[in-house]
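Visitor: I would like to learn how to read the features of a model such as this one, one at a time. Could we begin with the ligands?

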Amino acid sequence: MSLNYKYFHSLLKFCPGLQLLSAILIPLLTMATESSIPAIIRHPFVVTFTWFYIALQAVLTWVFAPVPPPPTTGNEDLPRKRVAVIGAGITGVSSAAHCVGHGFDVQLFESRNKEKGLGGIWSRVNSTSALQVHSLMYRFHPSVSFNTAYPTQQQIKDQIISLWKRYNLEDRTVFDTKITSVKQNDNGKWIINDNEEQYGLFDGVLATVGVCGDPKMPPLPNQDKFKGEIYHSSELDGKDAKGKKVLIVGGGASAIEALEFAVKNGAAEIDVLSRSDKWVIPRNVLVQSLLACNIFGQETALSWIPEGLLRKFFYRDLQDIAPTDKGIFTQTPMANDELFDQIREGKAHWLRGDIVSLEEKGVSFNFRSKGVPKGGPGRERLVEGDIIVLATGFKRPSLSFLPDEVFEEPYGPPSWYLQVFPPKYPDICANNSTYVDAIGTVGNMHIGIYTRFLLMFLTDPLTRPTEQRMKTWIDFTRFMKRLSPTGAFDFFTYAELIYWYVFVMVVNPFRWKWALFVFFGIGRGLPLMVVERENAFRRELKKERKANKSEKSKANKSNKSTKTH
Ligand SMILES: Cc1cc2nc3c(=O)[nH]c(=O)nc-3n(C[C@H](O)[C@H](O)[C@H](O)COP(=O)(O)OP(=O)(O)OC[C@H]3O[C@@H](n4cnc5c(N)ncnc54)[C@H](O)[C@@H]3O)c2cc1C
Ligand SMILES: NC(=O)c1ccc[n+]([C@@H]2O[C@H](COP(=O)([O-])OP(=O)(O)OC[C@H]3O[C@@H](n4cnc5c(N)ncnc54)[C@H](OP(=O)(O)O)[C@@H]3O)[C@@H](O)[C@H]2O)c1
């Protein structure tokens, strides 16, 4: 049942207090009318928590979401700087919505067609895919609203498309347009694909190409010998696994998704062939948030505590699967509750080792003991299967359309300022596209924060960091994370945000006025007003200097003429 709130809305339009109330009440009423009474009686806690979650999101939207401009007009009192956004996944659409919401103009470029491109990777994975982190950690724009903890692919895609429409990005998006070059002209403006005539000039560039491109399907030894079917883990929609033996190659998040698919499809036997051990954490928002709160950004002397607790209370009898060779803050962990149950119930097996070759009836697999490295000695035997699912990941999209200088070592990606700005160009922001590993920290809030950094740099030249300062921040972060078992920028946590806060905000008084805007998007009018005042002040100062100069030169001239007389 759906409610018609049209009149209610127009009544509330003129009263901000009531607007918040309506923002909370409308989704709650909608959910209440959609939930059945038995569901509420059966799961009172879940339903209450979901109501609370929906209300919380309504408040977040009301406080933080920039107001979309009306469809026909821009905010004429704000400078209409232009930003090119490359990629129409969650990051591109959300960044573009932030730009538009703050009075900037954007042009979104997407290499794929609308069907496969809008929504990015979420338009190209299985309909059975769902979030592994809690959706509270995946609110990729302040106006996004999830009514479930772990939304499915379609629910996420729907949110992306409605955000895209809400901020009038439809007319500002070109599909089927792969970006191959981004060049700066003599006036510092950016030209896309050498085509100034068609796309015009841009003040800034947001490269939002993501980290998951085309499916990665490494050829396996003697692949032609295998008589069954081979699929990539992102192409399982419509495939039939009923009563079949499924072999899953890989041990990452996609392997878990493939395993869930095989279980749901009634596979007779499921074997996951994993060549390295990875951490699995519970699908629990509290545990994930606590882990994401490691502000040191690396393994610490205390990492044994979360690792020990996970082994004891989560892995329990399956501790053999838990990694012993790498800590939890070195690689993105998988978040799943069902995997261990499937293994315990005998529906699935987790096999550690290396693929030797493919045979007619399966995979010849070298079983390794715990602690023996990849390619090390083990015992070889055939693991039979009818279907092989390659959960071997995705190719990383290229950033090579950016100017050559941004790749110069030792300041190539991901070793950039705040990890997203190449030191030479604070007007390029590779939002969410340089990360390697993290625990639930990247994504959501960062999209807005880094976009607003770019908008600040574009609006107020006094806030732009010099190339040297950017490099100093990178060197400092490297120094602070020198003991980390991964490269300084390979595992992202809140540490970077703290160095960033000190280096970027605290040390530069010209940025203080921007703090609330950059962090929360609050006070959009204030910083621009201050910039206007500063400009007016600078103009006055210039005038005064000019007047002083001409007075001085007049005085000099008259001095000279009295001397010659
Ligand atoms: C099945 C699956 C589940 C996932 N679940 C989670 C999760 O639970 N939590 C989490 O944090 N992350 C998850 N991820 C990771 C996921 O990559 C990100 O969360 C997020 O969707 C990335 O969005 P994005 O916009 O940055 O990139 P993408 O969604 O990859 O979008 C980038 C877009 O840029 C376009 N593009 C690339 N190059 C160019 C170019 N040169 N010119 C023009 N366009 C270009 C691409 O076509 C693409 O549409 C998941 C990934 C997969 C595959
Ligand atoms: N719902 C979700 O949250 C979800 C679902 C899917 C994906 N994702 C995200 O999407 C990204 C990609 O995940 P992914 O699981 O697809 O890829 P991934 O994390 O890169 O894992 C790929 C796996 O395949 C193995 N592998 C690669 N090549 C191999 C080969 N030739 N032979 C044997 N094994 C091979 C890798 O082993 P090594 O580690 O030894 O190289 C690894 O275990 C991640 O960011 C992930 O978080 C999220």
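Guide: A residue is near a molecule or strand if its C-beta atom, placed from the backbone, lies within 6 Å of it. This is a predicted model, in which local features need pLDDT of at least 70 and side-chain atom pairs count only at pLDDT 80 or more, while totals for chains, interfaces and linings use all residues. Residues are numbered from 1 along each chain as its sequence is written, and chains are lettered from A and ligands numbered from 1 in the order in which they are written.

Visitor: How many residues surround ligand 1, and which are the closest?

Guide: Ligand 1 is surrounded by 32 residues, of which Gly 87, Gly 89, Thr 91, Gly 120 and Gly 210 are the closest. Helices (H or I, at least four residues) and strands (E, at least two) are DSSP runs, numbered from the N terminus. In those terms, helix H5 (residues 90-101) gives the largest share of the shell around ligand 1, three residues. For the chemical character, Ala, Val, Leu, Ile, Met, Phe, Trp, Tyr, Cys and Pro count as nonpolar, Asp, Glu, Lys and Arg as charged, and the others, Gly among them, as polar. By that division the shell around ligand 1 holds 16 nonpolar, 13 polar and three charged residues.

Visitor: Which residues come nearest to ligand 2, and which helix gives the largest share of its shell?

Guide: Among the 23 residues around ligand 2, the nearest are Gln 132, Gly 250, Gly 252, Ser 254 and Gly 393, and the largest share of the shell, four residues, belongs to helix H9 (residues 253-264). The shell around ligand 2 comprises ten nonpolar, eleven polar and two charged residues. With domain bounds taken from an automatic or database domain assignment, at least three residues of this shell come from each of domain 2 (82-213 + 396-508) and domain 3 (223-390).

Visitor: In what order do the strands of the open sheet run?

Guide: Strands of a sheet pair through backbone hydrogen bonds, either parallel or antiparallel. Two strands are said to pair if DSSP finds at least two bridges between them. Here five strands form an open sheet in the order E3-E2-E1-E6-E16, with parallel pairing. Strand E3 (173-174) and strand E16 (428-429) are the edge strands, each pairing on one side only. Strand E2 (residues 105-109) pairs with E3 in the parallel sense over two bridges, and Phe 109 stands opposite Val 174 in E3. Strand E1 (residues 82-86) pairs with E2, also in the parallel sense, over five bridges, with Val 83 opposite Val 106 in E2.

Visitor: Why is E2 described as largely enclosed?

Guide: A residue is buried if 20 or more other C-beta atoms lie within 10 Å of its own, exposed if 12 or fewer, and partly exposed in between, with C-beta atoms placed from the backbone. Four of the five residues of E2 are buried, so the strand is largely enclosed by the rest of the structure. Helix H13 (residues 444-459) is mostly covered as well, since 14 of its 16 residues are buried. The expected span of a helix is 1.5 Å times one less than its number of residues; for the 16 residues of H13 this gives 22 Å, which agrees with the 24 Å between its end C-alpha atoms.

Visitor: Where do the residues with unusual backbone geometry lie, and what are their values?

Guide: Most residues other than glycine have a negative phi, and most peptide bonds are trans. Asp 194, in the loop between strand E5 (190-192) and helix H8 (196-199), has a positive phi near 55°, and with 12 C-beta neighbours inside 10 Å it counts as exposed. Asn 222, in the loop between strand E6 (204-207) and strand E7 (229-232), has a positive phi of about 60° and is partly exposed, with 15 other C-beta atoms within 10 Å. The peptide bond from Glu 409 to Pro 410 is cis, with omega near 5°, and the bond from Pro 413 to Pro 414 is likewise cis, with omega near 5°. Pro 410 lies in the loop between E15 and E16, where Pro 414 is also found.
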